[in-house]
Amino acid sequence: MTNLLKEIPNSYIIPFSYRAEHYPPLDRGLSDKSFAYFKDTSIEEIRELWKRTLSSPLGLSHPILLYVHWPFCSSYCSFCRFGMESSSHHKEQELVLNSLREEMGRFKDTFKGISFPSLYIGGGTPTFMTDAMLENFLSAIRESFKLAPGAQIHVDASPATLTESKLKILIRHGANRMTLGIQTFDAQVLGRIDRKGQDEQKVRTLFALFRKFPDLFIDTDMMIGLEGQRDSTFVKDFSRILTLSPHSIHLYPFADDERTLWKKRGKKVVLNQKDRNSHLLNLADYMARKAGYVTGYEDWETLKQNSWETRHEALWRDFRASILGIGYGALSHIFGAAWYYHPKPPPEGVSNNAVPPIKMLEFDVEEEMRGYVIESIVRNNKISREAFRRLFHQDISECASVFHALEEFQKRGLIKIDSRALYWRGQDIVERAVALQSLYSPKMAEALIQSTLRLNHTHAFEGASSEQRIRARQGHIDCRIYYRRSLFEDACCPEYLLGRS
Ligand code: SF4
């Protein structure tokens with residue numbers, strides 16, 4: 001398997017906690033450290049890049065999405081790898097809110113001709129704001145940017161912080177989709193993972209409220225393999241969420257990531273944790289199907305056509321959409337020009353009306369093509385030539401640098417190329433990760449090597465068998481998604497997705 005390591009020059013292995021198969025590669029939890037190869041820049045330069053993209057036919061032919069980040073949570077859960085701030089100081093939150101207003105104001109003119117099809121309000125926990133702050137926050141977004149008719153407005157929420165009055169404020173401002181992070185109902189497990197202010201009754205009360213807003217799509221997050229969670233606890237948790245009947249359920253396996261408080265406390269997963277997780281995932285599949293859910297993955301072809309998928313994800317994934325990210329901790333993408341990131345709020349606090357600092361990586365259209373090829377292989381094992389032409393207004397063979405590398409893969413039996421598509425034939429996902437890194441541009445590889453994200457082969461492989469590496473990786477990515485079966489039926493989903501073939 002690892003022969004490729006020797007065979008392919010310029011191939012690098014990024015530690016598995018990094019999204020090596022996302023291009024540019026980024027850390028899964030978006031920790032500030034992972035932007036070590038991004039350079040400092042100013043908001044003036046960023047505005048110029050946006051103007052350039054917004055005046056180019058190719059840039060404008062890609063959707064433009066709006067993301068606003070709220071970097072605070074009411075408590076810091078021990079399993080969380082996002083390194084969120086927990087701040088009970090409203091003063092600090094007020095300062096961050098002022099900074100958001102300031103940043104939005106600076107972009108207002110640049111985007112005045114744009115109607116965003118999707119607004120994602122993420123975090124952190126946006127519902128941690130007080131009612132007054134939330135009202136102020138949502139009004140500021142509406143005053144600065146225009147949303148397209150029928151835009152999807154998605155908000156992250158937690159049972160500890162969402163109240164009836166906040167829900168009403170959100171609905172009044174057009175929210176039509178919500179992810180409620182529940183994770184577990186078990187009081188003991190909640191205590192072990194430091195998730196405060198949440199109990200089963202609160203969740204049930206919220207679901208009773210949601211029923212008053214039938215157009216609101218409810219997605220929920222649950223976890224598997226949490227500290228103190230026994231098999232029986234998990235089964236109870238999962239039965240409870242099924243009886244509440246949300247539109248979709250994301251089920252995430254716990255990952256022993258170095259950025260979690262859990263890991264920082266020196267804890268270790270038990271040896272058979274991953275086997276246990278996979279056993280429980282199978283059990284969850286069975287229970288979900290019995291309860292009328294369809295088990296799925298986010299890259300199902302059919303999902304993208306339906307409004308009930310997270311539009312933000314779908315448009316980014318399928319069209320390499322541009323993303324205007326606002327606020328400390330937000331990531332942005334200017335198609336064909338740059339990626340940039342605002343770090344999380346500094347420990348010493350935020351100055352009044354200060355726009356967050358910016359770290360930027362220059363990108364161009366050829367880099368976009370590399371990204372599209374890498375991510376299509378990872379998600380679909382295939383690159384459709386028609387989809388490539390639609391996005392880049394040329395055939396993939398016209399991008400010589402990328403196509404040449406793909407022809408090399410063909411000689412090694414890793415890819416089959418025909419007039420309709422390129423099909424990935426490799427079997428081993430670690431081998432795939434190695435191979436795809438040879439599609440990185442020399443400029444990208446150099447930037448990574450020069451940065452503190454220094455890449456080398458041994459980092460990820462040392463001491464681990466091929467089997468262990470694959471399992472380790474699966475532990476990070478095997479999130480399941482369950483959708484109510486009726487949604488699929490409404491959407492005329494192909495028979496095979498309903499398990500009737
Ligand atoms: S509420 Fe969510 S984002 Fe905040 S610490 Fe917990 S898991 Fe992380």
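The expected span of a helix is 1.5 Å times one less than its number of residues. With that in hand, here are some close-up views of this predicted model.

**View A. Helix 13 agrees with its expected span.** Helix 13 covers residues 365–380. At 1.5 Å a residue, its 16 residues should span 22 Å, and the end C-alpha atoms do lie 22 Å apart. Twelve of those 16 residues are buried, so helix 13 is largely enclosed by the rest of the structure. If you would like to pick them out, the buried residues are Glu-367, Glu-368, Met-369, Arg-370, Gly-371, Tyr-372, Val-373, Ile-374, Glu-375, Ser-376, Ile-377 and Val-378.

**View B. Asn-381 takes a positive phi just after helix 13.** Follow the chain out of helix 13 and you come to the loop that leads to strand 17 (382–384), where Asn-381 sits. Its phi is about 60 degrees, a positive value although Asn-381 is not a glycine. Is Asn-381 buried or partly exposed? With 15 other C-beta atoms within 10 Å, Asn-381 is partly exposed; a residue needs 20 or more to count as buried.

**View C. Arg-320 also has a positive phi without being a glycine.** Here the angle is about 45 degrees. Arg-320 belongs to the loop between helix 12 (311–319) and strand 13 (322–326). Around Arg-320 there are 20 other C-beta atoms within 10 Å, so this residue is buried. The cut-off for a buried residue is 20 or more such atoms.

**View D. A cis peptide bond joins Gly-123 to Gly-124.** Have a look at omega for this bond, which is near 20 degrees. Strand 7 covers residues 115–123, and Gly-124 lies in the loop between this strand and helix 5.

**View E. Helix 5 and helix 6 come within 10 Å of each other, axis to axis.** The pair consists of helix 5 (residues 131–144) and helix 6 (residues 164–172), with axes that cross at roughly 10 degrees. Angles under 35 degrees count as roughly parallel, and the two helices are therefore roughly parallel to each other. Which residues make the contact? Helix 5 contributes Asp-131, Leu-134, Glu-135 and Leu-138, while helix 6 brings Ser-165, Lys-166 and Ile-169. By type, the residues of this contact divide into three nonpolar, three charged and one polar.

Key: Residues are numbered from 1 along each chain as its sequence is written. This is a predicted model: local features need pLDDT of at least 70, side-chain atom pairs count only at pLDDT 80 or more; totals for chains, interfaces and linings use all residues. Axes are lines fitted to C-alpha atoms, for helices over the stretch in contact, and angles run from 0 to 180 degrees between N-to-C directions. Helices (H or I, at least four residues) and strands (E, at least two) are DSSP runs, numbered from the N terminus. Angles under 35 degrees count as roughly parallel, over 145 as roughly antiparallel, 65 to 115 as roughly perpendicular and the rest as oblique. Two residues are in contact if their C-beta atoms, placed from the backbone, lie within 7 Å. Ala, Val, Leu, Ile, Met, Phe, Trp, Tyr, Cys and Pro count as nonpolar, Asp, Glu, Lys and Arg as charged, and the others, Gly among them, as polar.
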